[in-house]
Amino acid sequence: SGDPKAPWIPELFGNITLVNGKILPYLDVEPRPYRLRILNGSNARFYYLGLGGGLVFQQIGSDQGLLPAPVSRKELTLAPGERADVLVDFSAHPGRPLVLHSDTSALVQFRVSRVASAQAAPLPKALRPLDRIPEAAAVKTRRLTLNEYVDLKGNTVLMLLNATRWHMPVTEKPVLGSTEIWELVNLTGDTHPIHLHMVRFQVLDRRGFEPFTYETSKTLRYTGPLTPPSPDEMGWKDTVRAEAKAVTRIIVRFEGYTGRYVWHCHILEHEDNDMMRPYEVIAAPPQAQS
């Protein structure tokens with residue numbers, strides 16, 4: 001920040017984007033489909049990816065595997081920590097260079113050759129069946145806030161989850177093998193990519209609300225209808241965009257192992273000051289003996 005007494009700033013946006021460790025790289029491709037796995041590894045920047053030449057993405061997967069069916073998208077939005085598995089078909093553009101960009105910023109150039117060395121198989125209409133977790137399967141619903149604190153000048157000085165510092169006692173203790181709904185109540189003006197370690201989940205819905213009413217009375221006064229997840233969010237996720245002034249609901253199965261893990265905002269500056277909390281998966285109590 002330039003102030004040794006207050007070095008933290010809410011976000012840092014650089015002016016150069018690295019793609020696979022390079023500045024403005026290029027890739028030689030043939031006029032046929034390619035499968036690309038894309039990760040947003042930036043500390044704070046969201047990407048709104050598009051392709052030149054009118055090309056579209058056929059998204060086939062998200063954070064934790066394949067979607068039920070391909071999703072055609074002209075623009076691909078990725079928050080820090082999110083991943084997307086896509087197919088891009090260059091077959092209609094032999095001999096042309098095409099640029100992958102975010103808004104007006106060029107990121108990588110694809111140099112399409114004139115001839116393809118092989119024919120590609122057609123993209124299936126269905127990929128992998130995925131059963132939606134019924135809300136009735138949840139044994140507990142947790143309401144968890146996303147909080148921002150500012151100084152007298154309006155500068156952000158602290159970010160918290162559920163108004164709780166990192167080092168304070170663990171408050172979320174799901175039972176191994178159980179299913180819970182987490183309501184992420186975003187009281188801030190920013191979208192936060194919230195990541196849960198060691199689990200996968202499904203996005204249920206989002207709904208706008210009025211933050212001032214909640215902060216003064218702990219009452220959710222909704223400002224619009226429920227919005228279901230978009231088709232590209234219908235797969236297994238581990239990072240979800242908790243939108244500004246909205247309640248984002250996810251349903252989580254706590255499978256695998258007991259132990260202490262973390263959940264946090266994936267914007268680096270936020271999680272480091274102090275938008276990260278531990279949670280602990282505990283063993284189910286032993287059955288009572290008759």
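Q: What counts as a salt bridge?
A: A salt bridge is a side-chain nitrogen of Lys or Arg within 4 Å of a carboxyl oxygen of Asp or Glu. In this structure one such pair is made by the side chains of Arg-32 and Glu-30, which meet with 2.9 Å from N to O.

Q: What should I keep in mind about the model before I go on?
A: This is a predicted model, in which local features need pLDDT of at least 70 and side-chain atom pairs count only at pLDDT 80 or more, while totals for chains, interfaces and linings use all residues. Residues are numbered from 1 along each chain as its sequence is written, and side-chain values use heavy atoms, with hydrogens and water left out.

Q: How many salt bridges does a search of the whole structure find?
A: The search of the whole structure finds 16 salt bridges, and the pair of Arg-32 and Glu-30 is one that we have already met.

Q: Is Glu-30 buried or exposed?
A: The word is set by relative accessible area (buried is under 20%, exposed over 50%, partly exposed in between, with a 1.4 Å probe and protein chains only). Glu-30 is buried because its relative accessible area is 18%, whereas its partner Arg-32, with 26%, is partly exposed.

Q: Which residue meets Asp-63 in a salt bridge?
A: The side chain of Asp-63 meets that of Lys-237, with 3.2 Å from N to O. To place this pair along the chain we use helices (H or I, at least four residues) and strands (E, at least two), which are DSSP runs numbered from the N terminus. Asp-63 belongs to the loop between strand S6 (57-62) and strand S7 (65-73), and Lys-237 to the loop between helix H1 (211-217) and strand S17 (239-242), so that the pair links distant parts of the chain, 174 residues apart. Asp-63 and Lys-237 are both buried.

Q: Where in the chain are the two partners Glu-180 and Arg-142?
A: The side chains of Glu-180 and Arg-142 form a salt bridge with 2.6 Å from N to O. Here too distant parts of the chain are linked, since Glu-180 is in strand S14 (residues 179-186) and Arg-142 is in strand S12 (residues 140-150), 38 residues apart. Glu-180 counts as buried at 2% relative accessibility, and Arg-142 is buried as well, with a relative accessible area of 10%.

Q: Which residues are joined into one network by salt bridges that share partners?
A: The network joins Asp-63, Glu-82, Arg-83, Lys-237, Asp-238 and Arg-241, and we can recognise in it Asp-63 and Lys-237, whose side chains meet in a salt bridge.

Q: How many aromatic pairs are there in this structure?
A: Rings of Phe, Tyr and Trp (its six-membered ring) pair if their centres lie within 6.5 Å; planes under 30 degrees apart count as stacked, over 60 as edge-to-face and the rest as tilted. By this rule the count is 8 aromatic pairs. In one of them Trp-182 and Phe-254 are tilted, with 6.0 Å from centre to centre and 40 degrees between the planes. Trp-182 lies in strand S14 and Phe-254 in the loop between strand S18 (246-253) and strand S19 (259-265), so this pair ties together parts that are 72 residues apart in sequence. Trp-182 has 0% relative accessibility and counts as buried, and Phe-254 likewise counts as buried at 0%.

Q: Why is the pair of Trp-182 and Trp-263 called edge-to-face?
A: The ring planes of Trp-182 and Trp-263 stand at 70 degrees, with the centres 5.2 Å apart, and therefore the pair is edge-to-face. This pair also links distant parts of the chain, with Trp-182 in strand S14 and Trp-263 in strand S19, 81 residues apart. Both Trp-182 and Trp-263 are buried.

Q: Which residues form one aromatic cluster?
A: The cluster is formed by Trp-182, Phe-254, Tyr-261, Trp-263 and Tyr-279.

Q: What does Glu-180 touch, not counting residues up to four places away in sequence?
A: Touching is read as contact (heavy atoms within 4.5 Å). With residues up to four places away in sequence not counted, Glu-180 touches Ala-138, Lys-140, Arg-142, Pro-174, Ile-250, Ile-251, Val-252 and Phe-254. Two of these names are familiar, since Arg-142 is the salt-bridge partner of Glu-180 and Phe-254 is a member of the aromatic cluster.

Q: Where is Arg-73 placed, and what does Arg-73 touch?
A: Arg-73 is in strand S7, and with a relative accessible area of 12% it is buried. On the same terms, leaving out residues up to four places away in sequence, Arg-73 touches Val-56, Phe-57, Gln-59 and Asp-232.
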